[in-house]
Amino acid sequence: MLPGPLPRVGARPPFVSAARAGAGPPSRSSGVWERSQGGCAGAPKLQPRVKEGEGAFARFVAMLAHGGCHAAARAAEWAWLRPRRLGRALRAQGLRGTAYRPLAGDAPLADRLSREARARPPLPPGCHAVVPRAMPLFHHAMKEHGKTSITWFGPTPRVSISEPELVRQVLSNKFGHFHKPGFGQLQRLLHYGVSSHEGDKWARHRRIINPAFHLDKLKRMLPALAASCADMVSRWEGLLADDGAPCEVDVWPEMQRLTGDVISRAAFGSSFLQGRRIFELQEEQVRLAMLLVNKIHIPGYMMLPTRTNRRMKRIAAEIEGILRGMIAKREDALREGKATSDDLLGLLLESNMEQLIRSRGDGGRASSGGMSTDDVIGECKLFYFAGMETTSVLLTWTMLLLCMHPEWQDRARDEVLRVFGGAGTLDYDGLSRLKIVTMVLYEVLRLYSPLPAVHRRTYKTMELGGVRYPAGVLLMLPLLCIHHDKDVWGPDADEFRPERFAEGVARASGGDAPAFFAFGGGPRTCVGQSFALLEAKMGLAMILRSFAFEFSPSYSHAPFPAPLLRPEHGAQVILTKLP
Ligand code: HEM
């Protein structure tokens, strides 16, 4: 889901709308200046006055002078006064952190630490102490300033919250004081679905989407999942030499292709080929978005006609065109009373239609209405964004970790063969009996959480763990750091020990309250988590049944956040076909 570790700068950008912010036309009475209600902080509250008949030009110049004054005041507030105020409020309560650098915040430090982390030799295979490499800035800040420390995202202070109980409180958002930060126009180009909404709109979308992910619906999607996994296995079999000699495969692009296929089939069923085109376009879109990460807090940057911006807009238009066509066809079929498909789009439209009908009976209240076509397009784009890369990362790390720990590969394979035998279809009941495979997947999600962190922004003053956070502070929940915290998981926190999940997720971290957040938590917990786990179990079971795998000598163990945690130089493994 992004996933969205790319928070937007808290305050409204200053320069763009000075005129809208109160810099109205100057007064027309005699003299040059007169008192007004507005004006810059610290400057005399005067407005330029222009004599009758001085002409449009003079009025324009006076307006610019006045508007410029406002813009300068707002820029100073945005880039200097407000960050200083917020920083002081946090430090006064004992929090420590990096010093604020106007505008850039910690971007230069983050860049330097990230370059240094990547320049280090790869980790030895079997070493899972990935935090310093995957989150260099936060690792540095927490080491220097403590677990609850301040860093700066542009002019916005960002505080890391790493006590599991506090993380749970933030995610539960009981009083509605935390919002998900967005990232403006860039986010709209990538996806604009339930994960970006707040309040009534979020609740309405979530209510409509939830039924599409219910277990009975997911069971109906199993054949689509199985078809994609079977395609991958036969592609790999085709790569092996005729004499069955082992071959090297980079499983990272393979897993991306698999999960892209799965989401295309699961979301769009018979329109799978069009779905695949969307997948290719979304992939390019994400690649381009990564080039802009450090520029998104420059106000108006996304409006510039740069080559990347123009390409991103063209991609968004093409995706929307394809989706609009598909949705129109499905809606026509629904109106004619034809049965919907079992795919996500069909289920979403069906649920939306039911909601619309219900809301008519409800007097059409805004909070109970359905989704517009644009909303449905936003959700379909989000399925790709949230559902594809996350699961491909999970499957890739799982294969790599089973190479590092062959005893667990053997145990997982034995279980798959015991439950399903060497051939035949994999049904839901069998998949839900795969206990060892499930433990392995949870342990991989813990050690290599696809989303290393999620963010929230305080919307009102809020007390948390004895600290009062003013409005406009980013809270960073470093899921990966929490999953590696020895105070929480014990001295073996950095070790691969799937057996810690033998009694379920709640018990794995010792106490009664789980400290496992790979799928987030609270009302905004991942809507696709059962889908993802089903897909991962199906994929892994099919692979284990057909192949044994080990590292290729060309693999180097370098986890890298981009923004999901992935292997920087690929995931080369040697596959051997099992008899
Ligand atoms: C291993 C796979 C996955 C992981 C680790 C994962 C992780 C997460 C996390 C951590 C969140 C919470 C983000 C936050 O609170 O800011 C989230 C939300 C979300 N995920 Fe997933 N996800 C996965 C797979 C999927 C799949 C397959 C789908 C759909 C096809 C999906 C759809 C969503 C959506 C729509 C949200 C937003 C929910 C909301 O805001 O109400 N995810 N995911």
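Reader: At what angle do helix α2 and helix α4 pack?

Author: This is a predicted model. Helix α2 covers residues 107-119 and helix α4 covers residues 136-145. Their axes lie 8 Å apart. The packing angle is about 105°.

Reader: Are α2 and α4 roughly parallel or roughly perpendicular to each other?

Author: The angle between the two helices is about 105°. Angles of 65 to 115 degrees count as roughly perpendicular. Therefore α2 and α4 are roughly perpendicular.

Reader: Which residues in α4 meet α2?

Author: On the α2 side stand L109, A110, L113, S114 and A117. By class, this contact has six nonpolar, two polar and no charged residues. The α4 residues are P136, L137 and H140.

Reader: On which sheet strands does α4 pack?

Author: The sheet is open, with six strands in the order β3-β4-β5-β11-β8-β6 and mixed pairing. Its edge strands are β3 (96-97) and β6 (178-179). The direction of α4 makes about 145° with that of β4. The strands α4 touches are β3, β4 and β5.

Reader: Which residue in β4 stands opposite R96?

Author: Strand β4 spans residues 149-153. It is joined to β3 by two bridges, and the two strands run parallel. Opposite R96 stands S149.

Reader: How do helix α14 and helix α16 cross, and are they oblique or roughly parallel?

Author: Helix α14 holds residues 406-420, and helix α16 holds residues 435-447. Their axes come within 8 Å and cross at roughly 140°. That angle is why α14 is described, relative to α16, as oblique.

Reader: Which residues of α16 make the contact with α14?

Author: From α14 come W408, R411, A412, E415 and V416. The contact has six nonpolar, no polar and two charged residues. The α16 residues are I436, V437 and V440.

Reader: Which strands are the edges of the sheet with the order β7-β15-β12?

Author: This open sheet has three strands with antiparallel pairing. Neighbouring strands are turned by 40° against each other on average, direction ignored. An edge strand here pairs on one side only. The edges are β7 (247-250) and β12 (547-551).

Reader: Which residue in β15 is the bridge partner of V249?

Author: Strand β15 runs from 572 to 577. Four bridges join it to β7, and the two strands run antiparallel. The partner of V249 is V573.

Reader: Which helix packs on this sheet, touching β12 and β15?

Author: Its direction makes about 80° with that of β12. This helix also supplies seven residues to the shell around the ligand, the largest share. The helix is α13.

Reader: Which helices each supply at least two residues of the shell around the ligand?

Author: The ligand is surrounded by 24 residues, and the closest are G387, T390, G520, C526 and G528. By class, the shell has 15 nonpolar, six polar and three charged residues. The helices are α13 (373-404) and α20 (529-546).

Reader: Is S546 buried or exposed?

Author: S546 lies in helix α20. A residue needs 20 or more C-beta neighbours within 10 Å to count as buried. S546 has 20 inside 10 Å, so it is buried.

Reader: What separates the C-alpha atoms of S546 and K577?

Author: The two residues are 31 residues apart along the chain. Leaving aside neighbours within four places in sequence, S546 is in contact with V233, K577 and L578. The C-alpha separation of S546 and K577 is 6.0 Å.

Note on methods:
Residues are numbered from 1 along each chain as its sequence is written. This is a predicted model: local features need pLDDT of at least 70, side-chain atom pairs count only at pLDDT 80 or more; totals for chains, interfaces and linings use all residues. A residue is near a molecule or strand if its C-beta atom, placed from the backbone, lies within 6 Å of it. Ala, Val, Leu, Ile, Met, Phe, Trp, Tyr, Cys and Pro count as nonpolar, Asp, Glu, Lys and Arg as charged, and the others, Gly among them, as polar. Two strands pair if DSSP finds at least two bridges between them. Axes are lines fitted to C-alpha atoms, for helices over the stretch in contact, and angles run from 0 to 180 degrees between N-to-C directions. Two residues are in contact if their C-beta atoms, placed from the backbone, lie within 7 Å. Angles under 35 degrees count as roughly parallel, over 145 as roughly antiparallel, 65 to 115 as roughly perpendicular and the rest as oblique. A residue is buried if 20 or more other C-beta atoms lie within 10 Å of its own, exposed if 12 or fewer, and partly exposed in between; C-beta atoms are placed from the backbone.
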